[in-house]
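Thank you all for coming. Before I start, please bring up the structure on your own screens, and stop me if a term is unfamiliar.

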Amino acid sequence: MNTPHPGHRATTAVLAAALALLVAATGCSAKADGGSGGQDADGVRTGPGVSAETIRLGALTDLTGPYATLGKSIVQAQQMWADETNAAGGICGRKVEITVKDHGYDVQRAVAAYADISPDVVALPQVIGSPVVAALLDDVQRDHLLTFPQAWAASLLGKESVQVVGTTYDLDMIAAVDFLTRTRGVRKGDTIGHVYFEGDYGANALEGSSWAARKAGVKVVGQKIKATDTDLSAQVSALRKEGVKAILISAGPAQTASLVGVAASRGLRVPVVSSAPGFAPQLMKTPAAPALAALLHVVSSAPAVSSELPGVRRMVTAYRKKYAGSPVDSGVLSGYNAAQLLGAGLKKACAAGSLAREDVVKAHRAQENADTGLGVPQDFSDVDRPASLSTYVLKPDAKALGGLVGAEEAHRIPGAEEYLKARRS
Amino acid sequence: MSDRRPRTPVRTLLIALVLCVPPFYLDAFWLRVGLFSVAAAIGAVGLSLLSGTAGQLSLGHAFFLAVGAYGYTWLAGEPGPGLPTAVAAVLAVLLAGAAGGLFSPVAGRVRGIYLGVATLALVFLGHHVLLTADSVTGGFNGRSVPPLRLGGFGFTAGEPELTVLGVPFGAEERLWYLALALLGLTWFTARGLLRSRPGRALAALRDSETAAAVLGVDVARHRAAAFVVSSMYAGTAGVLLALAFRRIVPDYFSLALSVDYLAMIVLGGLGSVAGATAGAVFVTALPLLLSRYADQLPLVAAPGTADGAVGPTEAARFLYGAAVVVVLLHAPDGLHGLTRRLRDRFRAARRSGPGSGPHARPSAPPIAPVRPEEHTP
Amino acid sequence: MTGLLDDLLGGLALGAVYALVALGFVVIFKASGVLSFAHGSLLLFGGYLIAVLHDDLGFAGALAVAVLATALLAGALDRLLLQRGDPGPGAAHVQTIVTIGVDIVLLTELSRRIGGDLLPLGDPWGDAVTGLGPVTVADSRLAAIVVSAVSIASVFALFRYTRWGLSLRAAGEDVEAAALMGVRLSRVRTLAWCLAGGLAALAAVFLAAFPAPGLERTTGQIALKAFPAAVLGGMASPVGALAGSLLIGLTEALVAGHQSELSLLGEGFADVAPYAVMVLVLLVRPTGLFGTRGAARV
């Protein structure tokens with residue numbers, strides 16, 4: 001090995017040549033071109049995701065994981081919005097296109113998909129999955145990408161580019177406690193139970209219920225569960241032991257069905273109030289349906305899809321025509337609503353002369369009374385406050401479209417202002 | 001033989017050189033896929049040492065990755081001691097090693113399938129801690145990962161602004177080189193370890209614990225040491241993953257991740273460093289690439305377009321599961337064994353001319369992946 | 001007091017359901033030394049068949065078809081895939097990992113079909129409950145207790161009194177000697193897998209029945225909780241599987257029932273308590289409560 005090999009010099013030469021070639025070739029790399037952005041012929045400033053003909057939006061959704069049904073509803077509803085918008089001439093003279101990426105509720109896949117689409121989109125009208133949203137928070141902020149997450153935790157507030165539509169989970173539960181004390185005879189000194197998912201959703205909901213209960217002089221007993229728990233017998237036993245007068249639940253549809261079914265069969269026939277994600281139309285086909293109809297209410301910042309609001313009726317009719325056979329659930333409404341709100345922001349940004357991402361966020365945040373006719377008007381101007389302080393109360397009905405009908409019209413949540421003040425300090 | 005094949009240092013240099021090029025051409029998506037793959041490769045090498053070489057079945061690798069990732073984030077971050085990031089990275093790796101050491105009372109006593117299920121407990125208990133210890137882990141929403149800084153150079157965009165040959169160097173480009181360096185270090189140490197005395201002692205342990213004990217191998221100490229070393233590689237992978245993710249969340253470190261790592265080393269060929277790397281790249285990159293190019297693939301529907309069709313996510317899962325089954329049944333020594341056999345056959349054919357049999361060298365017996373079964377009746 | 005009784009009864013009923021799953025693990029492990037990771041998706045397969053068929057065939061018919069089909073699938077999995085591999089030393093571990101691959105494929109297809117739905121199985125118990133003194137328990141759970149007790153007794157008897165069981169035990173003691181004595185190992189093994197498959201389909205009924213709202217894509221994940229139950233019992237003993245399952249069920253119910261007093265461990269500890277118990281037991285008895293330490297072969 002010590003004697004120089006005849007091939008040695010040749011190999012070195014090959015290596016050097018290869019290196020030189022590589023270095024030279026980088027000159028032609030597409031990455032070496034300067035940044036994008038500039039001004040279009042129509043005088044509108046553009047940025048990533050906007051060309052002279054199209055405005056490109058992105059969706060990071062779950063079509064193969066636990067939220068597959070919800071994901072599909074939202075994707076279809078937003079596609080319908082895009083088609084309608086384009087048929088009416090588009091936005092800013094441009095066609096709207098949505099790039100959909102399925103992450104199957106997998107954080108790594110979602111982060112890679114974000115890296116894939118983020119250079120080519122101007123906003124994200126849909127991001128599903130709390131862990132996914134959490135993992136992308138910093139990136140979305142850094143890229144000034146206006147994002148509508150399908151999650152309503154208060155920890156998502158205070159971020160300029162992240163827009164939670166409607167109320168947050170804590171406010172929903174404040175409304176739930178108010179509903180119980182106002183109409184279901186829960187009084188000072190009573191005990192109520194709160195069954196909640198581990199994670200952001202449950203923790204935030206519990207924060208709200210605890211605050212409201214303290215105000216009302218009611219004691220809250222918490223029961224934390226996991227998404228894989230579908231038999232809540234042990235939790236019901238524990239709550240019965242505490243002698244609860246009512247139960248709040250912030251979990252998934254399967255957990256709501258089990259809780260209400262078990263409680264009813266064990267003779268614990270107390271009112272149950274669920275957060276909006278805890279209900280799905282399929283529940284009304286399970287054995288628990290009669291108990292659900294008798295005991296359950298759902299607090300939601302959006303109306304039921306069976307609502308008589310003209311905007312909702314028009315949208316639902318169009319959706320059923322376009323996607324006959326697809327279930328109409330709350331995802332259809334919230335997806336369409338988010339897309340419409342985003343569209344309004346884009347139009348404002350266009351009018352102000354720029355579709356660059358920062359300016360889209362700015363235009364969006366300037367809206368103080370955005371009304372799509374699909375529920376209560378939203379105020380996006382204060383990043384630290386939920387966009388709405390009003391809520392509906394719904395109740396299950398097996399015959400209704402979407403399995404829910406209205407029980408109480410939209411009303412301001414009593415104590416919400418006070419709660420927000422307390423939370424901020 | 002040596003004149004037929006470029007000598008190792010030259011070949012290594014060539015490979016290293018080629019690996020240095022991607023940041024000049026590929027966009028952030030590809031670089032992230034690359035970063036995830038390299039991090040997985042480092043972790044897989046660690047698991048390969050433990051399960052392939054030492055024969056201890058572990059389903060707890062995700063836990064040690066989490067210790068590395070969260071260890072770095074907490075040590076370097078606020079809240080936390082806020083140490084210099086380089087120090088935090090090294091400490092996080094040591095912390096992962098210590099976690100492996102703490103598990104040694106179990107690892108030293110429990111064997112085979114029982115050990116596999118016992119390590120399963122680590123993942124579930126670890127996930128529980130990640131969710132409940134809010135002040136350290138940030139709870140469900142996880143924590144932002146402070147970027148690594150070495151001296152005045154930050155592995156993030158703009159610290160300092162850096163443009164090489166007209167290509168602006170952001171976080172991904174910089175991290176790529178860090179990942180390469182760590183991968184090189186992993187390969188160097190792991191191969192050294194395999195050839196060393198302790199490495200051979202571990203292999204002897206896998207083949208027969210009793211025989212190894214007779215030969216003077218301290219069984220309990222070596223079993224525990226294998227866990228510590230493997231966890232340190234997992235910790236390194238965790239730190240790199242954290243840097244690539246920029247924000248870490250507990251849900252990532254699930255049982256599915258542990259299973260993925262097991263699949264990586266099995267697909268690659270147990271006990272081989274090159275195999276573990278190949279397996280890691282396959283398992284990590286496949287689903288990411290399939291979902292990106294879904295619309296150009298036949299039989300795979302773009303997301304949200306058709307009812308009841310197989311989407312890219314599902315296609316990736318099918319391929320992945322089928323690959324595990326097929327490789328294990330038809331090539332139990334994995335990709336590594338497959339390439340070795342192909343190479344041997346190719347060489348033999350060249351040496352002895354066409355027509356003669358390919359069996360110039362008997363192919364290596366398939367590596368017994370884990371210690372022979374000790375049945376409990 | 002009622003509270004404690006409630007917890008105990010709930011834990012017992014939960015343990016009975018775990019036992020059906022754990023028993024499948026034990027049968028497979030005893031016959032082949034394999035820890036089947038595909039058990040969860042086999043269970044889901046059986047449940048899915050019942051859900052799809054019960055409208056046309058009635059619950060009993062659907063159940064019979066599902067038990068048979070799942071048994072066949074499990075047997076085919078063993079015969080066509082697992083036994084194809086290299087039978088040398090360490091084969092059981094290779095086959096264990098093959099079951100991971102099988103699980104991924106099966107689970108992906110079943111999840112794709114089930115989607116986000118909750119499928120009712122049409123079982124006869126509905127949401128009926130029976131009062132036992134001061135406490136009540138769901139009828140479906142009483143049925144689970146009966147069915148799992150009968151299953152475990154039958155498997156125990158099969159092991160002990162039939163030719164098949166004798167062959168199985170002989171193979172468990174010494175594979176080569178058993179082969180010399182004329183035991184047809186591969187058939188003995190495949191039958192064991194079929195039995196485990198049937199048990200998985202049976203377990204699916206009770207996992208999707210009343211206290212749970214129906215069959216979901218995640219129903220099979222219960223298998224992950226039966227792992228510690230089977231390991232606690234010693235992997236190779238049906239009685240051990242029962243003991244382990246009851247221990248796990250009781251632990252879970254008691255921890256959930258006393259969540260407020262155990263807040264030091266973090267809320268939601270009930271879900272991970274089985275694993276903590278398992279690690280503690282393994283520290284003391286590395287081969288489980290009823291396992292015997294295999295003599296090391298040189």
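I will talk about chain A and its two domains, and then about the contact between chain C and chain A.

First, some ground rules: residues are numbered from 1 along each chain as its sequence is written, while chains are lettered from A and ligands numbered from 1 in the order in which they are written. This is a predicted model, where local features need pLDDT of at least 70, side-chain atom pairs count only at pLDDT 80 or more, and totals for chains, interfaces and linings use all residues, and side-chain values use heavy atoms, with hydrogens and water left out.

In chain A, an unreviewed UniProt entry annotates residues 54–396 as "domain: Leucine-binding protein", and I should add that such annotations may be inferred rather than shown by experiment. Over residues 54–396 the chain is 44% helix and 17% strand, where helices (H or I, at least four residues) and strands (E, at least two) are DSSP runs, numbered from the N terminus.

The domain assignment, which is automatic or taken from a database, divides chain A into domain 1 (45–167 + 307–388) and domain 2 (169–300 + 393–424). The centres of these domains, taken over C-alpha atoms, are separated by 28 Å, and each domain brings 17 residues to the contact, meaning heavy atoms within 4.5 Å.

How much area do the two domains of chain A bury between them? The value is about 1,300 Å², with 57% of it on carbon and sulfur atoms; buried area here is the accessible area (1.4 Å probe) that two parts lose on being put together, summed over both. On the domain 1 side, Ala154(A), Thr167(A) and Arg385(A) lose the most area to domain 2, together 34% of what that side buries.

Across this domain interface the rule finds 2 salt bridges, a salt bridge being a side-chain nitrogen of Lys or Arg within 4 Å of a carboxyl oxygen of Asp or Glu. Elsewhere in my notes I have the pair Asp382(A) and Arg424(A), whose side chains meet in a salt bridge at 3.4 Å, N to O.

Turning to the two chains, 31 residues from chain C and 36 residues from chain A take part in the contact, and the area buried between them is about 2,600 Å², of which carbon and sulfur atoms give 48%. There are 3 salt bridges between chain C and chain A, and Arg141(C) forms a salt bridge with Asp231(A), with the closest N and O atoms 2.5 Å apart.
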